[in-house]
Amino acid sequence: MKFGIYPGCSLTGSARDYNESVFALAEAFELEFTQIPDWNCCGATAAHNLNKELSLALPARILALAEKNGLDEIIVPCAACYSRLVVTQHELKKDPELKNRISEVIEMDYKGTSRILNVIEWIDKYIIPQLDAKIVNQFRYKVACYYGCLLVRPNKVLNYDRAEDPQTMDIVMTKLGATPIDYPYKTECCGAGFSISRTDIVSKLSGKIIEDAEHRGADAIIVACPMCHSNLDMRRPDINKYWKTEYNIPVIFVTQAIGQ
Amino acid sequence: MSHSEHHTERNSLAGSIESKVDVKAQKCYQCGKCSAGCPVADDMDLPPSVVMRLLQTEQPDNDDRILRSHSIWLCVTCEMCLSRCPMEIDIPSMMDYLRQRSRSEKKVNKKARNIIAFHKSFLNSIRFTGRLYELGLILDYKRQSLNLTQDISLAPKMISRGKLHLFPTMIKGTAHIARIFKKTSN
Amino acid sequence: MARIGVFVCHCGENISATVDCGKVADTIGKLKHVAYSTEYKYMCSDPGQTLIKDAIREHKLTGVVVSACSPRMHEPTFRKACAEGGLNPFLCEMANLREHCSWVHEKNELTTEKAIDIIRTQVEKVKLNSALQPIRVPVTKTSMVIGGGIAGIQAALDIANCGHKVVMVERSPSIGGHMSQLSETFPTLDCSQCILTPRMVEVAQHPNITLYTYAEVESVEGFIGNFKVKIRKKAKSLDEKACTGCGLCTTKCPQKKIPNEFEQGMGMRPAIYVPFPQAVPNRPVIDKEHCTYYIKGKCKVCEIVCPTKAIRFDQPDEILDLEIGAIVVSTGFDIKHADFFPEYGYGKYKDVIDGLQFERLASASGPTAGAILRPSDGQVPKNIVFIACAGSRDPAKGIAYCSKICCMYTAKHAMLYKHKVHEGNAHVFYMDIRSGGKNYDEFVRRAIEEDYVNYIRGRVSTVYERDGKLIVKGVDTLLGAQPVEIVADMVVLATAGVANPGAEELAQKLHVSYDSHKFFAEAHPKLKPVETNTAGIFLAGACQNPKDIPDSVSQASGAAVKVAALFSQNGLTREPLVAFVNRTAPPMYSTCVGCFLCQSVCPYQAIEREDFKTRDGKIIKTVAKINEGLCQGCGTCVALCRSKSIDLYGYSNNQVYAEVVALLNEF
Amino acid sequence: MSDFEPKVVAFVCNWCTYAGADLTGTSRIKYASNVKIIRFPCTGRIDFMLLLKAFANGADGIIVSGCHPNDCHYTSGNFHAKRRWIMFKELMDFMGIDMNRITFSWVSAAEGAKWADVVNATVTRIRELGPYVSYKEMVDKSVEEEVKNG
Amino acid sequence: MDNLVKRAKELLENKTVQVVIGYEAGPTGVIRPAFITDPEKAGKLIYNDKCDQNLAVYLTKKEVKNFGKMAIVATLPVMRSIMMLISEQQLFAESIVVLGISADGNLLDIADINIMQGYIEKSDLSNPEKYKALLAELNKLNPEEKFAYWQKELSKCIKCYACRQACPMCYCTRCTVEVNQPQWIPVQANTHGNMEWHILRAMHLAGRCISCGECGRACPVGIPCHLLTMQLTDQVYTYFKVYAGTSDKMNSVLSTFEPNDKESFII
């Protein structure tokens, strides 16, 4: 079994810290993985908003590259990329005709055999079993686990955790010594792809997410998605301006929390 | 012979949605749970359940209203509606289709200009480099949307934190990516 | 040698206007084996019938073909006439000249020829008819009612009042069912207990009713009029005759922390308990799962305190064998609970409750003595939200149907709340208001117009807790799908009515079919709503689908009449048009090879096994055998049987084959 | 072939199609007189061999009709019949026996007009197809074979 | 095949079974069925790729049953036949021991029905490849050609009923052809009557045929009658998604139904 990683664009740019923490974790737990060679952008929201075929072809190229390089399992830390890859795999499995068409577009064989893991699945499968041996400091904080949309929805396609009040991240955080709070905003949307085009909507939605976490006395919001992180963290000035508030609760990637 | 076979080809928007994305507007019984859970419903001119109702009428005027609406661009594809819909209607897929129809029929709502400008810039960025070039994206978006001053304060901080590359990363298969774009642009 | 008589009717001019009846009668008269052929204006009239009767005697007819209207119209008439004429009624067939010929074709040669063909075919068929005798089946005039809710109670009382014996079997320690849990009932708001309790007592005291509570049906064999039933009387650990129902044991029992089922978990009960004060019978049972003595081997406080020494720890379950003639199934329904709803918190919020829990809160005999209080902190909710269609009409959750009763009880709940908490606000989220029924819609309107219940058309997307309040996020679809957020103190879910756990198992024991939701299936959705596809087993109440009290009671009375009708005679008479498996001489016994594929096609479980044994009891061969009491004569088994070992009286292989040949060949 | 009068046999169940055909009569709706009905208690009773016997005895067309799914008087006879006809049709198609000559239909007791339509459509179709010559030839040839063989 | 001989010997020696049904080479080297009752003669048992007769046909024969408990050398079709016979109550699971043979000719350890079921479920249950090709050829013909083809083939039939005798599923003590009230199938052999017989046989095997092809091999005049049943096997799978002989509690396709069974020809 060879493990691949698909970092996705954000992790090489705006979410560099996330990328670093994933690799640091992998190193600390002696987990090796290969970057999918010459990977491309998954197309994100833009592609499926404007062009359905493109939105399937871009992820299909990534998956085909993984297959070509014998990567049976791919870790996808970005929740948005994770969702695009899994959805593509699902759509092409459902419709063999479409699969042929996309194979033709990407000029590559596509079988759809790779197993795609999101970051929590990866942690659960490879980190947690050896956590006790490696853990240095317990992460003794009250945390709000924020899953966002794309880790759990569409639930019937991703088939990961439960759609309402998911638990996997809470369980991981509990094992790290943290106390997850009962948090109704776990899967509410942060504004996602409107990060730049509609900062007002992002501020409004992300603000509600932050407000509830602060209100319930959380010390930090834990995320597993660079887009959520950037909306909740980088957009904090806009949020505070929009809601006339001064929220300062930190937003931490789940991998950073383990690294601490 | 099933009952549906008795129907002739429908020209309505609902008809094409049914054949293209396998979403049946008639399944909606207007409970409104989608609109109740939609994070952007209160910003929408037509909340999702209203879009469904308009589709059900199969009237050209109403189809037009949908394609010209701001709503279809405000949908963030958070999938909450599908997740809670008692009839399991795939509204997000339908929204993707509506956006494409709206563009191809040149009925895009003016207020959605920024959103589309961003999506276009995004795709432009990867069309040439294969990956997202965030600085390029922002600059291109500013050009397209004419939002010249937005986020100016963010950039230097990000560049200094290594979060915003000054130059794009080009993948090896840029020609490959360009062909994919070409083949999928119908 | 067959001697067939053919009687061609003109039906006034209905037939003769397009068919040359004279020619028909002449032509048919020349056929081999036709001993007599005649025509007459009205065969069904008295003189017409007399004509047939006389001809049977005069011409020594062995078969009769009346060529007139549809057999669906007058077959009984002419069969009776033949019987009066001395001919076995099943040796009479009808040729349908009117509906299938004269009325649907123009007057011409072809039409007359077709008439001749139709008659010829019936002549060939009737030659092969057998003289049949009606089937007599004895009937045991004792019925069994399974389930002692309001439907079972009504059915049992109705049957018992007709003078027939009833055995009532109830799974729990008391009869009364869900109705005993209700506070008030719609649309009159009269107290449920007040109208139900007298009925419960009547059941217990009725001389024709034997009541077994804490008992379950173990097995059912046999068929209509002749069921053999085994009932397991679970050990109550009590000598019921010795017990006076003083209740001392229940107050002294040290184990007091068992969630009370009757209170829907909102109260506690001891291990030896009477489910509720008005229980019938009013005798305690020991819940062995929770009793300290049964778990740890010591305690016996109840035995010590019992003044009449009625406790029996070593009492075994008892199996009763009963002979039963008819069965009424009235096992009722269950509801989904709050934990079924992920978006409403998976049941983790104490103040999100279901409708039955609200009934207990509103009930004067309930855990709060009728005060509407939050289970979490005992406070009076100032803002209460009712969510209709919780689970119902929700294919995504596997329940596509409407539970029918929720619209009404939700209106009732909102009304009861407003009557008890005058300053409170009640909101109802609904999709449609289904209030068809006598005084039902008026009732809902009263809630809205007089009690100012705020009805909001739309579904609730999610409910979550914040600062001890429940945030309800819904929508008003009548305002263009405007989001609505209500900060509530309590949320009541009108959860879907579902089949009782164990319904499937019971259906299998009874050989009664059930739908994909495990509700029992009626024999016909319109015309046989209380019958099942197993003769002699009837349905009453919500075990068939969710129903309110008036519907359950009506259906129960309907089922009771079916039972009473069955018991009104000493035996059953059935048309003998049933299937049979042939029998031959030993060592073959039958050409049936015993594959029993016929068993799975039979909708009536009418196919049984018959063993042929040697003198010392060794089985030589097992073959199929038709139970005439159950067979309805569809003949599906006949067409399926590969060795042609099954045949059907009235539509035998020989007969239908002859019809095909006759229809297509001229002789 | 203008004077060709097809022989059509209808195998129908008592509770739906037979009653439906009664209603056609009561409603005085006219239809082709080429069809002759054989009554069965249920479509479940109709042996596939009878259809072959009809062709062997010179039928040019056949109608098989019963209650709509879920409406069977015996609850499930028509469902079993449906499976039987699916298999029969596939076998006939495989052997080259002309399934255009058999109409399978559901006609309820309320569908008097539909019965007339089913009959007329079938008769019209069979009229176009002409007599079932190839089957008749096989049967006739077989009689000769028998005579020859003794 | 030492394993097979060893196992058969064991079973006979410790009296687990009274007869082992298998294959042996006859005097001229032709493979024929063997009924071994003496442990010392177990060595006669062989298995190779020429052993293609479906031995399950003997399981319902009185003469063989009279030996007592039986062990049977069972390739996939035999195992599937056994499943059918048990579900149709012609055989008791307790009365046989299955000496399973894998596709590559090795002895399988089939301890009970569940294990056999597991093995069957894992196997390819569609028609054997060589027949698939023939079926595809025939399906390409137009109706007239098909009718002509079958008329020609079936005119050869001499009504010897070897197809019936060879089929493990044709276990009726009285066959429809022996019924004369009415005479469903003409007694004499002629093309039309032969066709009726073969239609009857195929319909009676619809959903029950386990694609062993024994009927075709048994035909002395070479009629490919197995293609009729195999065509229906394909169709049964297409319509109802089941293969015969996959469980000991099979409900036959024609004796069960699903309310939503799909067809497109009933108006």
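Guide: In this predicted model, a helix is a DSSP run of H or I with at least four residues and a strand is a run of E with at least two, numbered from the N terminus. By that standard chain D has five helices and four strands, and reading along its sequence gives the pattern β-α-β-α-β-α-β-α-α.

Visitor: How do you know how compact chain D is for a protein of 150 residues?

Guide: The radius of gyration of chain D is 16 Å, and the globule rule gives 15 Å for 150 residues; the two values are close, so chain D is as compact as a globular protein of that length. Along the principal axes, its C-alpha atoms fill a box of roughly 50 × 35 × 25 Å.

Visitor: What share of the residues in chain D is called buried, and how far apart in sequence are the residues that its contacts join?

Guide: A residue counts as buried when 20 or more other C-beta atoms lie within 10 Å of its own, and in chain D 68% of the 150 residues are buried. Of the contacts in chain D between residues at least 6 apart in sequence, 84% join residues at least 24 apart.

Visitor: What makes a set of residues a nonpolar core, and which residues have the most contacts inside the largest one?

Guide: The members must be buried, must belong to a list of nonpolar types that includes Ala, Val and Ile, and must be joined through C-beta atoms within 7 Å. The largest such core has 288 residues, and those with the most contacts inside it are I222(A), V223(A), A224(A), V254(A), A156(C), A388(C) and V491(C). Helix α4 of chain A, residues 52-68, gives the most to this core, with ten residues. Another core, of 220 residues, lies apart from it and includes V123(C), V126(C), Y657(C) and C72(D).

Visitor: Which residues is I222(A) in contact with, once its neighbours within four places in sequence are left aside?

Guide: I222(A) is then in contact with V143(A), C145(A), Y146(A), M169(A), M173(A), I252(A), V254(A) and A257(A).

Visitor: Why are β6 and β8 of chain A said to stand at the edges of the sheet?

Guide: The sheet is an open one of four strands in the order β6-β5-β7-β8 of chain A, with parallel pairing. Within it, β6 (179-180) and β8 (251-253) each have a single partner strand, so one side of each is left without a neighbour in the sheet.

Visitor: How do you know that β5 and β6 of chain A pair?

Guide: Pairing requires at least two bridges found by DSSP, and strand β5 (residues 142-145) of chain A is joined to β6(A) over two bridges in the parallel sense; the criterion is therefore met. Opposite V143(A) stands P180(A) of β6(A). Helix α10 of chain A, residues 168-175, lies across β5, β6 and β7 (220-223) of that chain and runs at about 160° to β5(A).

Visitor: Which chains share the most contacts, and how many residues does the contact take from chain B and from chain A?

Guide: Of the seven pairs of chains in contact, A and B share the most contacts, and their contact takes 43 residues from chain B and 41 from chain A. On the side of chain B that touches chain A, the largest share, eight residues, comes from α8(B), and by class that side divides into 22 nonpolar, eleven polar and ten charged residues.

Visitor: How do you know whether chain A and chain E touch or stay apart?

Guide: A contact needs C-beta atoms within 7 Å; chains A and E do not touch, and their nearest C-alpha atoms are 18 Å apart. Chains A and D do not touch either, with nearest C-alpha atoms 27 Å apart.

Conventions
Residues numbered from 1 in each chain as written. Chains lettered and ligands numbered in written order. Predicted model: local features only at pLDDT ≥ 70, side-chain atom pairs only at ≥ 80, totals over all residues. Rg over C-alpha atoms; globule rule 2.2 N^0.38 Å. Buried ≥ 20, exposed ≤ 12 C-beta atoms within 10 Å, placed from the backbone. Contact = placed C-beta atoms within 7 Å. Nonpolar A, V, L, I, M, F, W, Y, C, P; charged D, E, K, R; others polar. Axes fitted to C-alpha atoms, helices over the stretch in contact; angles between N-to-C directions.
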